[in-house]
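Please take a moment to look over the sequence and the structure shown here, and then follow the paragraphs below with the view in front of you.

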Amino acid sequence: MYLIADAMEPYLRANNIDFDRNQPEMTLAQVINDSNAQNYDLHLAIHSNASPESSAGRNTGAEIYYYPSSAKGKQFAETIANNYKSVYREPGSVRVIPSGSLAELRRTKAPAVLIEVGYHDNRQEAQWIRDNIDNIARSLAKSVTEYFNREFKEP
């Protein structure tokens with residue numbers, strides 16, 4: 001997921017979006033505390049999914065989570081979903097899901113969205129992720145740009 005974040009940077013810079021990133025060694029609590037210590041307008045968490053052991057390797061789909069009472073989070077999640085459907089291998093499997101149980105959504109001050117870009121335990125899906133890092137990054141950066149009501153510019 002850090003490769004996706006790396007690939008997002010030129011798009012965000014081209015669109016004059018200021019951003020900050022967590023570090024791989026940070027715990028979830030540190031990520032949340034760091035986000036809350038700043039005055040951010042948005043919090044985006046990029047993840048890949050894993051199936052339960054009973055269905056390992058068989059699931060596909062992208063899931064985009066937001067906190068149920070966050071209107072801005074929901075708006076951002078829907079923007080991500082609309083853009084992600086144009087790059088994802090199974091557009092009908094892109095879902096927007098409210099969740100009150102994910103700490104990164106529940107405990108951050110800024111409107112927050114967590115995207116599971118696909119299932120890394122499914123070989124075909126994992127390969128698709130590897131082959132589409134830039135497409136995923138562009139889609140997410142475009143979503144951030146649209147959230148802030150800016151016209152998207154290519155780097």
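How many residues line the largest pocket, and which of them lie nearest its centre? The structure is a predicted model, and in this model the lining of the largest pocket is made of 34 residues, with Asp20, Arg21, Leu42, His43 and Leu44 lying nearest the centre. Three elements each give two or more residues to this lining, namely α1 (2-14), α2 (28-37) and β1 (43-49). The space in the largest pocket comes to about 950 Å³. If the lining residues are sorted by chemical character, 18 of them are nonpolar, while eight are polar and eight are charged.

From the pocket we can turn to the strands. Strand β2, which covers residues 62-66, runs parallel to strand β3, which covers residues 94-98, and the two are joined by five bridges. Within this pairing, Tyr66 has Pro98 of β3 standing opposite. Helix α3 (residues 71-84) belongs to the same picture, since β2, α3 and β3 make up a β-α-β unit that is right-handed.

Helix α3 also leads us to the aromatic side chains. How many aromatic pairs does a search of the whole structure find? The search finds six, and one of them is formed by Tyr84 and Trp128, whose rings are arranged edge-to-face, with 6.4 Å from centre to centre and 85° between the planes. Because Tyr84 lies in helix α3 whereas Trp128 lies in helix α5 (residues 123-131), this pair ties together parts that are 44 residues apart in sequence. Are the two partners buried or exposed? Tyr84 has a relative accessible area of 0% and therefore counts as buried, and Trp128, with a relative accessible area of 11%, is buried as well.

Trp128 takes part in another pair, this one with Tyr88, and here too the arrangement is edge-to-face, with 5.2 Å from centre to centre and 80° between the planes. Tyr88 is found in the loop between α3 and β3, and Trp128 is in helix α5, so this pair ties together parts that are 40 residues apart in sequence. Tyr88 is buried, just as Trp128 is. Elsewhere among the aromatic residues, Phe76, Tyr147 and Phe148 are linked into a cluster by ring pairs.

Phe148 can also be set beside Thr108, for the two are 40 residues apart in sequence and 19 Å apart in space when taken from C-alpha to C-alpha. Thr108 sits in the loop between α4 (103-106) and β4 (112-119), and because its relative accessible area is 9%, Thr108 counts as buried.

Finally, the backbone deserves a careful look at two asparagines. What is the phi of Asn16 near? The angle is near 55°, a positive value in a residue other than glycine. Asn16 belongs to the loop between α1 and α2, and because its relative accessibility is 55%, Asn16 counts as exposed. Asn149 likewise has a positive phi, of about 55°, although this residue is not a glycine. Asn149 is placed in the segment after α6 (133-147), and with a relative accessible area of 71% this residue is exposed.

Note on methods
Residues are numbered from 1 along each chain as its sequence is written. This is a predicted model: local features need pLDDT of at least 70, side-chain atom pairs count only at pLDDT 80 or more; totals for chains, interfaces and linings use all residues. Side-chain values use heavy atoms; hydrogens and water are left out. On a 1 Å grid over the protein atoms alone, a cavity is a set of points where a 1.4 Å probe fits but cannot get out, and a pocket is an open set with protein on both sides within 12 Å along at least five of seven lines; lining residues have an atom within 4 Å of a point. Grid points are joined across faces, edges and corners, and a volume is the space filled by probe spheres set on the points. Helices (H or I, at least four residues) and strands (E, at least two) are DSSP runs, numbered from the N terminus. Ala, Val, Leu, Ile, Met, Phe, Trp, Tyr, Cys and Pro count as nonpolar, Asp, Glu, Lys and Arg as charged, and the others, Gly among them, as polar. Two strands pair if DSSP finds at least two bridges between them. A crossover is right-handed if, with the strands pointing away from the viewer, the path from the first strand over the helix to the second runs clockwise. Rings of Phe, Tyr and Trp (its six-membered ring) pair if their centres lie within 6.5 Å; planes under 30 degrees apart count as stacked, over 60 as edge-to-face and the rest as tilted. Buried means under 20% relative accessible area, exposed over 50%, partly exposed in between (1.4 Å probe, protein chains only).
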